[in-house]
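Hello,

I am handing over the structure below. My notes on the backbone and the cysteines follow it.

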Amino acid sequence: MNTGLYWFTHDLRLDDNPALQQAARQCDYLLVVYVQDPSLERPDTFNTARLGSKRKHFLIEGLHDLAQQLQTCGQQLHCLTGNPVDVLTDLISQLGIDRLYCTRPVGWYEQRQLSELSHRFPHLQPVTADAYTLFDQAQMAELLDPFPVSFSAFRRRVEKKLTLPAPLPPVRDFPPMPRVAIDAAAPILKPDTADNGWFKGGELAAQTHLQRYFSSSLPATYKQVRNELDGLDNGTRFSPWLAQGSLSPRRVMRQLQQYEQRETANESTYWIFFELLWREYFQWYARHHDHRLYHLHGIQQRSPLTSFYPQRFKSWCEGSTPWPLVNACMKQLKATGWMSNRGRQIVASCLVNELALDWRYGAAWFEQELLDYDVASNWGNWQYLAGVGADPRGKRRFDIAKQTRQYDPQGDFIHRWQGEAQTLALDHVDAADWPIPVRH
Ligand SMILES: Cc1cc2nc3c(=O)[nH]c(=O)nc-3n(C[C@H](O)[C@H](O)[C@H](O)COP(=O)(O)OP(=O)(O)OC[C@H]3O[C@@H](n4cnc5c(N)ncnc54)[C@H](O)[C@@H]3O)c2cc1C
């Protein structure tokens with residue numbers, strides 16, 4: 001008789017979850033666990049939290065939904081609090097766990113946690129599988145050697161050589177739970193009623209959104225609207241659920257292929273795949289470059305020209321820069337946890353080029369504020385825009401005035417998010433934080 005432990009991480013779903021499927025098949029008893037790490041909510045290296053309040057709310061909704069689904073299958077989600085490695089170490093020792101199952105981690109910290117557990121329990125045989133990406137490690141091994149220097153090189157190789165794996169059906173049959181009481185298990189917090197606008201966490205909400213999107217005509221016009229600054233329908237808006245793991249990228253692709261067979265296949269439908277490939281590229285990029293994802297010099301070992309101006313960073317975060325479009329985007333992010341891709345490019349370029357700040361502060365602010373924060377996509381895109389990442393062309397500079405004319409010609413977006421500039425001066429304090437006198 002063996003007892004397994006399934007550790008839920010960024011894979012809060014029953015659908016297309018290969019490691020969960022193996023656990024359900026191979027174990028006589030199974031304990032399913034999620035560990036909430038409170039240290040993520042405290043200010044970190046860049047004085048920001050790795051988990052902000054909006055994403056925490058979205059996460060609680062996701063956990064609640066998962067717990068309810070497991071309950072209908074006779075299983076219980078145990079939600080524990082603490083450092084994941086310590087919490088799991090206690091559980092494994094106390095319950096005599098034979099096998100540990102989880103989705104293969106992408107982030108460097110998460111990979112280290114798993115290695116630490118393997119080190120502490122050599123007998124454990126952690127079973128990992130890829131649920132966060134389109135392709136799995138076995139498919140990728142050959143393709144990534146050597147690692148493609150650019151997204152285009154990656155895309156060409158993938159399109160030429162790989163076949164998309166089919167998504168697995170949801171797991172419904174689980175082994176029983178071990179007959180033990182878990183002292184430290186806290187009840188999953190009930191989500192409060194405040195809503196995250198367009199987004200509600202969890203697999204059920206993700207599936208509802210997926211069905212809604214692909215039963216509309218939106219996929220056929222995706223490419224024409226994807227650069228708009230606002231609007232639920234001007235993009236797929238799958239990213240928060242993909243980041244939470246309550247939606248499988250392979251399930252999205254399956255729906256896309258069915259849409260193409262049923263309705264139409266055109267440049268727009270191809271472009272949804274194209275963007276998912278960007279996401280895919282950054283996931284393997286993060287695994288390949290591990291801690292270099294967070295280095296100031298990035299993967300290029302280039303030295304960005306930067307200093308730290310606290311007042312400039314504060315203005316950027318709160319949306320009080322001299323650039324109304326940047327302000328509107330930043331205020332939208334603060335209020336909703338959301339910003340369009342075009343908005344993210346513009347505000348990142350502003351931080352790097354106009355404000356001459358260290359790009360990692362921008363990435364850390366996004367980590368705290370974004371609902372769809374994903375370690376690989378966030379830090380990978382920031383590196384790219386800062387000219388220290390995967391962009392062969394080096395640093396990108398977005399002309400903010402031109403972008404404003406092109407994407408907000410009537411000023412509607414700026415007005416909606418009250419982005420109108422309060423000041424035209426970039427610096428209104430001096431180096432010692434004293435206000436610079438204004439000349440009249
Ligand atoms: C500075 C910066 C930081 C970013 N941080 C994140 C992040 O933390 N999490 C995140 O999911 N995306 C991030 N992105 C990528 C992109 O902005 C979002 O994925 C996109 O806006 C999500 O909206 P959507 O789901 O409607 O995307 P769509 O346009 O509908 O695209 C479909 C899917 O493709 C993927 N995708 C699209 N563009 C990109 C891209 N440039 N890089 C990686 N994946 C992409 C997403 O999973 C998205 O859901 C960042 C981009 C920039 C420029």
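How many disulfides are there, counting by the rule for sulfur pairs? The count is zero in this predicted model. Cysteine 73 is in no disulfide, and the nearest cysteine sulfur, that of cysteine 27, is 16 Å away. A disulfide needs two cysteine sulfur atoms within 2.5 Å, so the pairing of cysteine 73 with cysteine 27 does not count. Cysteine 73 is buried, at a relative accessible area of 16%. Cysteine 102 is likewise in no disulfide; for this residue the nearest cysteine sulfur is again that of cysteine 27, 13 Å away. Cysteine 102 counts as buried, with 2% relative accessibility.

On the backbone, there is a cis peptide bond between aspartate 145 and proline 146, with omega at about 5°. Proline 146 sits in the loop that runs between helix 5 (137-143) and helix 6 (151-161).

Two residues other than glycine have a positive phi to note. In arginine 237, phi is near 60°. Arginine 237 belongs to the loop between helix 8 (222-225) and helix 9 (239-244), and is buried, its relative accessible area being 8%. In aspartate 290, phi is near 30°. The loop between helix 11 (267-289) and helix 12 (310-318) holds aspartate 290. Is aspartate 290 buried or partly exposed? Its relative accessibility is 24%, and because buried means under 20%, aspartate 290 counts as partly exposed.

Regards

Notes
Residues are numbered from 1 along each chain as its sequence is written. This is a predicted model: local features need pLDDT of at least 70, side-chain atom pairs count only at pLDDT 80 or more; totals for chains, interfaces and linings use all residues. Side-chain values use heavy atoms; hydrogens and water are left out. Helices (H or I, at least four residues) and strands (E, at least two) are DSSP runs, numbered from the N terminus. Buried means under 20% relative accessible area, exposed over 50%, partly exposed in between (1.4 Å probe, protein chains only).
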